[in-house]
Amino acid sequence: MTTAYQTDDDRWAAIERRDRAADGAFFCGVRTTGVYCRPSCAGRPLRRNVAFYETREAARAAGLRACLRCRPDEPIETLAYGFGQTPLGLALAATSQTGLALLILGDDRAAMAEGLAARFPRARLVEDDDGAAPALAALTAAIQSGAGADLALDERGTELQRAVWKALRDIPAGSTASYAQVARAIGRPEAVRAVAQACGANPLAVLTPCHRVVRSDGALSGYRWGVERKKALLERERAA
Ligand SMILES: [Zn+2]
């Protein structure tokens, strides 16, 4: 619970800006539709139709049902995220209670924050630069030396994706592998296309070195965070 949403004006302002940090602090009931929502719900109620509730139980007691869009009854997870500069430009790290859940490179803070929100549509997102600092330091070290990071990870993906990401971390710095080699390494030699998709969905830039996967003919292939960054990473690692 937070004390930042004490008055109805504060609460309405949070709804107007779809404040993901307000989720869980209170619930928003909409008389006309008969539902209650998280403050960040994409729905756009009119102020005069809205009432505020401290708890979902209070909203239900008022005869409202849970919104199907924002699912206010699902447990709310908090992710702390922050930005930092690395030798490859701007980075965003997001950490759950379990570990590092997202580490991305980019050029634009707003676009990166949108990427975070899209990847974790139901999480409460709290900006916390201090909390993100260890992951960003590990990222910078990995860029500079190719070293792996000794951090708790919270990768969200299918079984196959997680097997691929683990196999990528077994590719030594300074070397590369093809998609077919990674497919064989996880015991799914036929799944080359799924391996390529898992590389493209890698949530942890550089720490899970999807940049070390190249085409069978040695061509760089794509990179989620820009092929120039991939080229720079591989050149650094070969030179080390
Ligand atoms: Zn809703």
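**Notes on a predicted three-domain model**

1. Let me start with a single residue. R109 is exposed, with 11 other C-beta atoms within 10 Å; a count of 12 or fewer is what earns that label. R109 belongs to helix α3, which covers residues 109-119. Leaving out residues up to four places away in sequence, R109 touches F83 and L90. There is also A91, 18 residues from R109 along the chain, with the two C-alpha atoms separated by 8.7 Å.

2. Now for the model as a whole. Please keep in mind that this is a predicted model. The average pLDDT of the protein is 94, and 99% of the residues score at least 70. Confidence is highest in β4, at a mean of 98, and lowest in strand β8 (residues 124-127), where the mean is 92.

3. A few overall figures may help you get your bearings. The protein has 8 helices and 10 strands. Its C-alpha trace spans about 65 × 35 × 25 Å along the principal axes. Of the 240 residues, 35% are buried. Among contacts with a separation of 6 or more, 59% are between residues 24 or more positions apart.

4. How is the chain divided into domains? The domain assignment gives domain 1 (8-66), domain 2 (78-145) and domain 3 (159-239). The centres of domain 1 and domain 3, taken over C-alpha atoms, are separated by 44 Å.

5. Next, an open sheet that is worth tracing by eye. This sheet has 4 strands in the order β3-β1-β2-β4, and the pairing is mixed. Its edge strands are β3 (50-53) and β4 (65-66), each of which pairs on one side only. Strand β2 (residues 35-37) runs parallel to β4, and 2 bridges join them. If you would like a place to look in this pair, V35 stands opposite R65 in β4.

6. Strand β5 deserves a point of its own. Which strands does β5 pair with, and in what sense? With β6 the pairing is antiparallel, over 7 bridges, while with β8 the pairing is parallel, over 4 bridges. β5 and β6 form a hairpin, with 2 residues between them. Useful landmarks are Q85, which stands opposite L90 in β6, and A80, which stands opposite V126 in β8. L90 also appeared in the first point, as one of the residues that R109 touches.

7. On to the interior. The largest nonpolar core has 32 residues, and those with the most contacts inside it are A93, L103, I104, L139 and L207. At least two residues of this core come from each of β5 (78-86), β6 (89-95), β7 (100-106), α3, α4 (129-145) and α8. Why does this core lie between domain 2 and domain 3? Domain 2 (78-145) and domain 3 (159-239) both give residues to the core, so it lies between them.

8. I104 is a good residue from which to explore that core. Setting aside its neighbours within four places in sequence, I104 is in contact with A91, L92, M112, G115, A205 and W225. A91 is a residue you have met already: its C-alpha atom is 8.7 Å from that of R109.

9. There is a second core to look at too. Apart from the 32-residue core lies another, of 17 residues, among them A25, C28, C41 and C67.

10. Finally, two backbone details that you may want to check. R18 is not a glycine, yet its phi is positive, at about 50°. This arginine is found in the loop between α1 (8-16) and β1 (27-30). Is R18 buried or exposed, or something in between? R18 is partly exposed, because 17 other C-beta atoms lie within 10 Å, whereas a buried residue would need 20 or more.

11. S221 is the other one. S221 has a positive phi of about 65°, although it is not a glycine. Its place is the loop between β10 (213-214) and α8 (227-239). S221 has 18 C-beta neighbours inside 10 Å and so counts as partly exposed.

Definitions and conventions. Residues numbered from 1 in each chain as written. Predicted model: local features only at pLDDT ≥ 70, side-chain atom pairs only at ≥ 80, totals over all residues. Pairing = 2+ DSSP bridges. Contact = placed C-beta atoms within 7 Å. pLDDT = per-residue confidence, 0-100. Core = buried A, V, L, I, M, F, W, Y, C linked by C-beta atoms within 7 Å. Domains from an automatic or database assignment.
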